[in-house]
Structures are given as structure tokens and as C-alpha cells.
Amino acid sequence: MHAIGIDIGGTKIAGAVVDEAGEIVAEERVATEAGSSGAIIDAVVDMVRSLSAGREIVAAGVAAPGFIDDAQSTVYYAPNINWRNEPVQRQLSERLGIDVTIDNDANAAGWAEYRFGAGRGGKDMTMLTIGTGVGGAIITGGRLFRGGFGAGAELGHMRVVPEGLPCGCGARGCIEQYGSGRALLRMANEIADVGGIGLELAEARRVNGALDGRIVGDLIAANDPGALHALEQLGHWLGQACASLSAILDPHVFVFGGGVAAAGDLLLDPVREAFHQHLPARGFHPEPEFVIAELVNDAGMVGAADLARIHAAAR
Ligand SMILES: [Zn+2]
């Protein structure tokens, strides 16, 4: 039986028909009209109708960036797409006439990795998505953890530095300021400022006007010592965060997704090293695995579809 998964991003809405094994059968995408909540609902309705044509669809799941209630129905707050207490589930299910659920995009992506990707086969998985910011998802006892209000697993806003760098969330010292793609750029710029191993970074910055994720990623791939040092710093912060998370959640596996995770073991090696240095009661704690996500860009759609299918089956 097929389900539809829709991933609403800041720049595009991507939708797919997904089978029970997590395989994508058909796919569509359109640009997001950010700031217009009604236009986004219209676009999702059009996409679900188009993907449903000629197929039997059991449910549709929507993944959106923001706080979503535990009943998978209301978006409390989605800053990028201008939703405030938006009853998205009701608006969509009334127009579409099928079972609809809403989930946080990082949770949907984590669920997809747990069911069909790098976390499959276990019961307890923690995922960190290292993109521009840091996203998170927690699977515990084989269930997606949403928290009491549905706003849990915001791992990027775990504080790692008291009175540290200000964060977009309004707090200070969040891991997002030390372990994200944006943090990697800041560290690369600092290394370029010093010179020494930062000479290549400084030259790339001069030629291009500024460093960006692609430039730093290319230098990492070329084994530039300055760029590798920035990635190592990032990995150390993330490894410390994983040690704290292990003390609370004790997952079998940590999965790393997002653009920066493309660095593979170059990221995971410093993560593992810092994890072992900071793990409470180290030597006595069984070792979790650290792995890279497998589903990459499709994870939000695949996870949203699967969560919708499970929700419909439980009704
Ligand atoms: Zn924060």
C-alpha cells in the first residue's frame, strides 16, 4: 500500500509516493512561496492530488520545519514559512479526504533513517543533522520521541557553552553555534585569519570574496590542513554533545546527516575521539556506533510517508 510524503523546505516543496519498503515510486517538486501560508497549503493539496492520480493511497504525511503538536495535527510555530498555530492537518484532510499527519522535518528524516537507512535494525537511535544549523531526532524503544508537547528533540539547542555565542533561538551557547555548517565557516575564517595552516583558506577567501560551504568542502576533500582543522574542531564539539546525549538517551547508534556529514570519517573520527574523552563513566559504558545517514535528500519525504501510514493503520 502506498503513502505520500511531502517535505516543505524553505525554498522547495518535495513530494513522493512511497511504498511499504521505503522505496520512492514517483516524485514531484515545486518552489515554496515562503511567507504565504495559504499558498503552501494549496501547493501541498495540488501535489497530493497529482501524485495520487491512478493510485490507491492510504495516507499523506507532511514534514515541516517547526514545532508540531504531539497529535501530529497543528503547527505551533514554523518561522520560515510563516505558520503560527496553523491547523494544517484539518485544512489538508478536509480538502483531500484522506488521512493526513504533520511531523517536524528533522523527526521525519530521523524516522526514515531508523526504518530504512543507517539506523535500521536497532531500537535506540539518535540523529544529528549537520546542515546550516543542527537538527535532531530521537528514536527510543522503537518509537519516535516527540516530547510532552511535541517540541522535543531540538538537539541543536542543547547548551554546551555557558554564556557562549548567541543563537538564533534567543539563547546562548547552543551546540548549533559550535557544530553546524555555519560554525564550520566561522572556524574556517578564524583559521584563515591566523595564517600558517590557514594559508589556502585565506587565499580561497581572497579569490572568491568569502568562504562558503562548497569552498570549504572542496578544501576538506583536497586534504587542506586548515580546512581539516576546522572540521576537526567541529567534530570535537559534536562528540562532546554526543557524550552528554549518551548519558541521557544511551542510543545504540548515532547517525549524522546533513551536508557536512558528506565528509564521512573525516567528521566521525574527531567525533568518536571527543566522545570517548567526555563520556561519563567511560570504560564501563557499552560503545555506540557512529555512522553517516544513507537517505540524504529523500529522508524527509520517506519518513513523513511512513509516519502517516503508521498513524492511519493505528486508527
Ligand atoms: Zn539555540
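**Notes on the sheet, one cavity and Ile-138**

1. Let's start in the middle of things: strand S1 (residues 2-8) pairs with strand S4 (residues 57-64) in the parallel sense, over five bridges. If you want one spot to click on, take Ile-4, whose bridge partner in S4 is Ala-60. Keep in mind as you go that this is a predicted model.

2. Now the sheet around that pair. Five strands make up an open sheet, and the order to trace is S3-S2-S1-S4-S8, with mixed pairing. At the edges sit strand S3 (24-31) and S8, each of which pairs on one side only. Ignoring direction, neighbouring strands in this sheet are turned against each other by 15 degrees on average. As general background, strands in a sheet pair through backbone hydrogen bonds, in either a parallel or an antiparallel way.

3. Next, the helices on the sheet. Helix H1 (residues 37-52) lies across S1, strand S2 (12-18), S3 and S4, and it runs at about 150 degrees to S1. Helix H10 (residues 299-313) packs on the sheet as well, touching S1, S2, S3, S4 and S8. The direction of H10 makes about 130 degrees with that of S4.

4. What about empty space inside? Searching the whole structure turns up one cavity of 30 Å³ or more. The largest cavity holds about 40 Å³ of space. Its lining is made by Ile-68, Asp-69, Ile-102, Asp-103, Asn-104, Asn-107, Arg-146 and Gly-150. By type, that lining divides into two nonpolar, three polar and three charged residues.

5. Which strand gives the most to the lining of the largest cavity? That would be S8 (residues 99-104), with three residues. You've met S8 already, as an edge strand of the sheet.

6. Last stop, Ile-138, which lies in strand S10 (residues 134-140). Is Ile-138 buried or exposed? Its relative accessibility is 5%, and buried means under 20%, so Ile-138 counts as buried.

7. Who is in contact with Ile-138? Setting aside neighbours within four places in sequence, the list is Met-125, Arg-143, Leu-144, Phe-145, Ala-153, Leu-155 and Leu-249. For a distance to check in your viewer, try Ile-138 and Trp-111: they are 27 residues apart along the chain, and their C-alpha atoms are separated by 8.4 Å.

Technical notes
Residues numbered from 1 in each chain as written. Predicted model: local features only at pLDDT ≥ 70, side-chain atom pairs only at ≥ 80, totals over all residues. Heavy atoms only, no water. 1 Å grid on protein atoms, 1.4 Å probe; cavity = no way out; pocket = protein on both sides within 12 Å on 5 of 7 lines; lining within 4 Å. Points joined across faces, edges and corners; volume = space filled by probe spheres on them. Helix = DSSP H or I, 4+ residues; strand = E, 2+ residues; numbered from the N terminus. Nonpolar A, V, L, I, M, F, W, Y, C, P; charged D, E, K, R; others polar. Pairing = 2+ DSSP bridges. Axes fitted to C-alpha atoms, helices over the stretch in contact; angles between N-to-C directions. Contact = heavy atoms within 4.5 Å. Buried < 20%, exposed > 50% of the residue type's maximum accessible area, 1.4 Å probe, protein only.
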